[in-house]
Amino acid sequence: MEGMNDDNMHGMMMHNTSDGGMNMTNHHKMMMHMTFFWGSDAEILFSGWPGTRTGMYVLALIVVFQLAFMVEGISHSRFLKPGSTKHVTAGLVQTLLHALRVGLAYLVMLAIMSFNGGVFLAAVAGHSLGFLLFGSRVFNKPSATVPAAKTSDLPPMSC
């Protein structure tokens with residue numbers, strides 16, 4: 001492996017052998033990008049998706065946008081009535097909402113790890129529009145029945 005530059009390593013994969021050594025095999029698989037790039041030839045979330053078709057790439061951008069939008073929607077919404085006496089049910093609903101929010105947030109993070117510029121912009125746009133609609137004061141008027149400090153059923157995301 002000494003003396004080999006990155007150009008020679010394209011498509012090469014290392015495998016362990018039964019005797020503890022290493023052997024190299026040549027595979028023609030797509031290599032993961034480690035810097036941001038532009039273009040529709042990307043793998044997002046699943047192997048082979050969206051492929052090389054532009055329409056599927058646009059669909060992938062829409063999916064990433066919607067995932068990010070839903071994370072913000074879940075993060076800033078109130079699904080439980082204030083003063084509910086069913087603490088166990090309320091706790092289970094909060095737990096399920098938290099699990100859903102974290103799962104969606106991880107899917108957005110994994111999509112961004114494709115290092116595709118379009119995917120990154122779609123995620124930022126989804127989070128931004130979601131916050132504008134659900135979290136900012138532009139469309140949400142403060143209610144006299146809900147304390148200002150408690151605007152969501154879930155605690156803030158901690159990354």
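**Exercise 1. Is Ile44 buried or exposed in this predicted model, and which residues does Ile44 touch?**

Step 1. Start with the cut-off: a residue is buried when its relative accessible area is under 20%.

Step 2. Ile44 has a relative accessible area of 0%, so Ile44 is buried.

Step 3. Now find its place: Ile44 sits in the loop between E3 and strand E4 (50–51).

Step 4. Look around Ile44, skipping residues up to four places away in sequence. You'll find that Ile44 touches Trp49, Pro50, Tyr57, Ala60, Val64, Ala111, Ser114 and Val119.

Step 5. Try one distance too. Ile44 and Met113 are 69 residues apart in sequence, and their C-alpha atoms are 8.4 Å apart in space.

**Exercise 2. Find what is unusual about the backbone at Leu45, Phe115 and the bond from Trp49 to Pro50.**

Step 1. Here's the background: most residues other than glycine have a negative phi, and most peptide bonds are trans.

Step 2. Check Leu45. This residue isn't a glycine, yet its phi is positive, about 70°. Leu45 belongs to the loop between E3 and E4, and at 27% relative accessibility it counts as partly exposed.

Step 3. Check Phe115. Again this is not a glycine, and again phi is positive, about 60°. Phe115 lies in the loop between H3 and H4.

Step 4. Check the peptide bond from Trp49 to Pro50: it is cis, with omega near 10°. Pro50 itself is in strand E4.

**Exercise 3. Describe helix H4: how many residues does it have, what caps it, and what covers its buried residues?**

Step 1. Helix H4 runs over residues 117–135, which gives 19 residues. From first C-alpha to last, H4 reaches 26 Å, close to the 27 Å expected at 1.5 Å a residue.

Step 2. Go to the N-terminal end of H4. Asn116 caps it, with a side-chain oxygen 2.9 Å from the backbone nitrogen of Gly118.

Step 3. List the buried residues of H4: Gly117, Gly118, Val119, Ala122, Ala123, Gly126 and Gly130.

Step 4. Ask what lies over them. The cover includes helix H2 (54–76) and H3.

Step 5. Move on to the segment after H4, where Ser136 is found. Ser136 has a relative accessible area of 12%, so it is buried. A polar atom of the Ser136 side chain lies 2.7 Å from the backbone oxygen of Leu132.

**Exercise 4. Place Trp38 and Ser40, and work out which residues each one touches.**

Step 1. Trp38 lies in the loop between E2 and E3. Ser40 is in the loop between strand E2 (22–26) and strand E3 (42–43).

Step 2. Sort them by accessibility. With a relative accessible area of 65%, Trp38 is exposed. Ser40, at 22%, counts as partly exposed.

Step 3. Set aside residues up to four places away in sequence, and Trp38 touches Gly117, Gly118 and Leu121. Trp38 and Asn116 are 78 residues apart in sequence but 5.8 Å apart in space, C-alpha to C-alpha.

Step 4. Do likewise for Ser40, leaving out neighbours within four places in sequence: its contacts are Gly51, Thr52, Thr54 and Tyr57. The C-alpha atoms of Ser40 and Gly51 are separated by 8.2 Å, with the two positions 11 residues apart along the chain.

**Exercise 5. Which residues form the nonpolar surface patch, and where in the chain does Leu110 belong?**

Step 1. The patch is formed by Met32, Met34, Tyr106, Leu107, Met109, Leu110 and Met113, and together they have about 710 Å² of accessible area.

Step 2. Pick out Leu110, which is in helix H3 (residues 87–112). At 44% relative accessibility, Leu110 counts as partly exposed.

Step 3. For contrast, try Ser77 in the loop between H2 and H3. Ser77 counts as buried at 17% relative accessibility, and its side chain reaches the backbone oxygen of Gly73 at 2.4 Å.

**Exercise 6. Sum up the whole chain: how many helices and strands are there, and in what order do they run?**

Step 1. Count the elements: the protein chain has 4 helices and 4 strands.

Step 2. Read them from the N terminus on, and you get α-β-β-β-β-α-α-α.

Step 3. Turn to burial: of the 159 residues, 25% are buried.

Step 4. Take the accessible surface, about 11,100 Å². Carbon and sulfur atoms account for 65% of it.

Step 5. Finish with contacts between residues at least 6 apart in sequence: 58% of these join residues at least 24 apart.

Note on methods:
Residues numbered from 1 in each chain as written. Predicted model: local features only at pLDDT ≥ 70, side-chain atom pairs only at ≥ 80, totals over all residues. Heavy atoms only, no water. Patch = residues over 30% accessible without salt bridge, like charges linked within 9 Å, V, L, I, M, F, W, Y side chains within 5 Å. Areas by Shrake-Rupley, 256 points an atom, 1.4 Å probe, with all protein chains shown as cover. Salt bridge = Lys/Arg side-chain N within 4 Å of Asp/Glu carboxyl O. Helix = DSSP H or I, 4+ residues; strand = E, 2+ residues; numbered from the N terminus. Buried < 20%, exposed > 50% of the residue type's maximum accessible area, 1.4 Å probe, protein only. Expected span 1.5 Å × (residues − 1). Contact = heavy atoms within 4.5 Å. Polar contact = N/O pair within 3.5 Å; in protein donor to acceptor, adjacent residues only side chain to side chain.
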